Amino acid sequence: MMRQYELVERVQRYKPDVNEALLNKAYVYAMQKHGHQRRASGDPYFSHPLEVAGILTDMHLDEATIAVALLHDTIEDTSATRQEIDELFGPDIGKLVEGLTKLKKLDLVSKKAEQAENLRKLLLAISDDIRVLLVKLADRIHNMRTLEHMRADKRVRIAEETMDIYAPLAGRMGMQSVREELEDFAFRTINPDAYRTVTARLAEMTERNRTVIQEIEATLSELFGKHGLKAGVKGRQKKPWSVFRKMEAKALSFEQLSDIFGFRVVVDTVDDCYRALGYVHTSWSMVPGRFKDYISTPKQNDYRSIHTTIVGPSRQRIELQIRTAAMNDVAEYGIAAHAIYKDKGSSAAPALSKDTNAYGWLRRTIEQLSEGDNPEEFLENTKLELFQDQVFCFTPKGMLIALPRGATPIDFAYAVHTNVGNTCVGAKVNGRIMPLMTELKNGDEVEIIRSDAQVPPAAWEHMVVTGKARAAIRRATRIAVRKQYSGLGSRILERAFSRAGRTFDKERIKAVLHRLARKDIEDVLAAVGRGELASTDVLRAVFPDYKEERIGPQPPRQREEGWFNMRNAAGMLFRIPGRSTKKEKADERSDGAVPIRGARGDLPVRFAPEGAVPGDRIVGIIQPGHGITIYPIQSPSLTAFDDQPERWIDVRWDIDEEMKERFPARINVTAINAPGSLAEIAQVIASNDANIHSLSMGRTAPDFSEMTFDLEVWHLKHLNQLLSELKNSPAVSDARRVNG
């Protein structure tokens, strides 16, 4: 175990003016607090924070971060408190240690939810100070190095968490060496057979190609030396996980991989990078499509380098990375390479630059992910955001947008701004209108077509690949659905108050929210719309003296002045208008009936299985949690609701002639049992501008077949015309509407 003075000496090598007193005090305090605690390996527990501190000294981090590493488990696993840490080491160190402490006593059902809440807390702490991440990654590295001492099931769970979250997070912060080490340990735990196979093949290939690698290094060095360019050339080999992932993703065998070996060229200046590139490309042929300039367009994790693949001196493909020494440090150590020091009071306290692309991305991402998603959604969206493979696209004004591979114009729209995504209705890619599902490629220019009337469809959630887009779509969908239910609830309450001879007043409802167990008026309206709260309960809450009165028994159905009147078993009267002229519709709008504009209107509406079309006399049934289901008045299914008068609602058609929406209707067709009959029936339906939604075959006899079609038609006249055409078809014996 590392001694106290050894830790101080390690920091002194890169920071001669180290605050020895701080390190000594943290060392002694942590060792005393952990006392006789043991790890699963049997080692003293204090060896763990000490090793974490040692890993951070390899990154050349300041003494405050090293002290946090020594203390990072004290609040969680010992009797230490945040107040005690603050008093001994200052509030800055206390805040960092608390940020690394897992939440305790979480009242959550699932382990996944608990994991998500702890991740949310950690990310929020990281967004405030990046040193939290550096300590956490060092903590995870040491845990992975000693993973063999854990139970098998726990090993796999920790390895999967490392592969899903911590390794990609290190990559996003540009810490490639940390990412590769975490992936290596996780891979050997999750899939040990594959790890052994790939590692053995890599060792065999390295031995076989050792001479070739040395020859290529010498040839490249000679080329640069001939032109007076100072450059270091070093061969490198892909890591086992990187090889395995590429084999799986592209369905390649080990022998088909052409980039297992690559070469890194490190020069002094940016100008030298492009000079080296010129010498290479004028000496050997470049492989088309394998050139990337991450110097002019850095990755979001601040990675800068030139990548190119050439057909080398022995006619084999050679992958080259050309970068400066400073770029190489950032590629290896990422955000840790951006450490700067500022004086705070009398001591030199660290502050990591918050102007880097990687840290800026992290802060923006965490802000977006923390806006009210449930724990499982937060965990899912965080994982989506951490994958690093990217494409770079542009807005028409030249703004660069970096997206994951597989991203669509919808992802692009949400990357620009949430409001742009929510109002997206189409996209132009490189000047051409393209489907919103188009997969974007490097260099694409994307223009988003918008409409303020747009609400993102819920189906988009499964079409996007970025966490930001998915979270925003879910949020917009929830808001839209809530708005629909709230609108329906408002109409229901207006009618209920009117029938009771009372005035509907939202302010009065606000005054009795405590009686309804709702936090605001919108909650009340949405609950009524969803059928979770009865309108009579709201009436009684506002008017305690209200007593519900019911109309006495009446004949179930009758006609009156062109209206179709109906009383259910409880005696409640409903007046349902048929299809009418625009003038009649205008007169009817004061009748209190809820206007039905279709399934895509502003209310949560669905149609009964047998359908309903404009021109039908209709009635609405409130389905708790699902809005209103619209039935034709002649539907036998309505008898099931005769003893539930509170669920009936008066509705009327309010169809805009300019609105292009078909409506569902179900028909039965008895067809001649002969080859081509179905095709002829389908042709009649298509030629009459109707759409077949589904088809089921019923009883089949030697001479006849019965078929049930779920159709989409414009209105009742259109449906009747179609039925008439079907009956006239030689292939049809009979055609009729179900429940018509």
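This passage goes over the chain as a whole and then a four-stranded sheet with two helices packed against it.

The model is a predicted one. In broad strokes, the protein chain has 740 residues, and 49% of them count as buried. Its secondary structure adds up to 28 helices and 26 strands. Looking at contacts between residues at least 6 apart in sequence, 65% link residues at least 24 apart. As for the outside, the accessible surface is about 36000 Å², with 49% of that belonging to carbon and sulfur atoms.

Now to the sheet. Four strands line up in the order S24-S25-S23-S26, and the result is an open, antiparallel sheet. The edge positions go to S24 (691-700) and S26 (732-737); each has just a single partner strand, so one side of each is left without a neighbour in the sheet. On average, neighbouring strands here are turned by 20 degrees against each other, leaving direction aside. For one of the pairings, S24 runs antiparallel to S25 (residues 704-713), and seven bridges connect the two. Within that pairing, Ser696 sits opposite Thr708 of S25.

Two helices come up against these strands. Helix H27 (residues 677-687) lies across S23 (663-672), S24, S25 and S26, and makes an angle of about 25 degrees with S25. Helix H28 (residues 716-727) also packs on the sheet, where it touches S23, S25 and S26. The direction of H28 is at about 165 degrees to that of S26.

Technical notes: Residues numbered from 1 in each chain as written. Predicted model: local features only at pLDDT ≥ 70, side-chain atom pairs only at ≥ 80, totals over all residues. Heavy atoms only, no water. Buried < 20%, exposed > 50% of the residue type's maximum accessible area, 1.4 Å probe, protein only. Contact = heavy atoms within 4.5 Å. Areas by Shrake-Rupley, 256 points an atom, 1.4 Å probe, with all protein chains shown as cover. Pairing = 2+ DSSP bridges. Axes fitted to C-alpha atoms, helices over the stretch in contact; angles between N-to-C directions.
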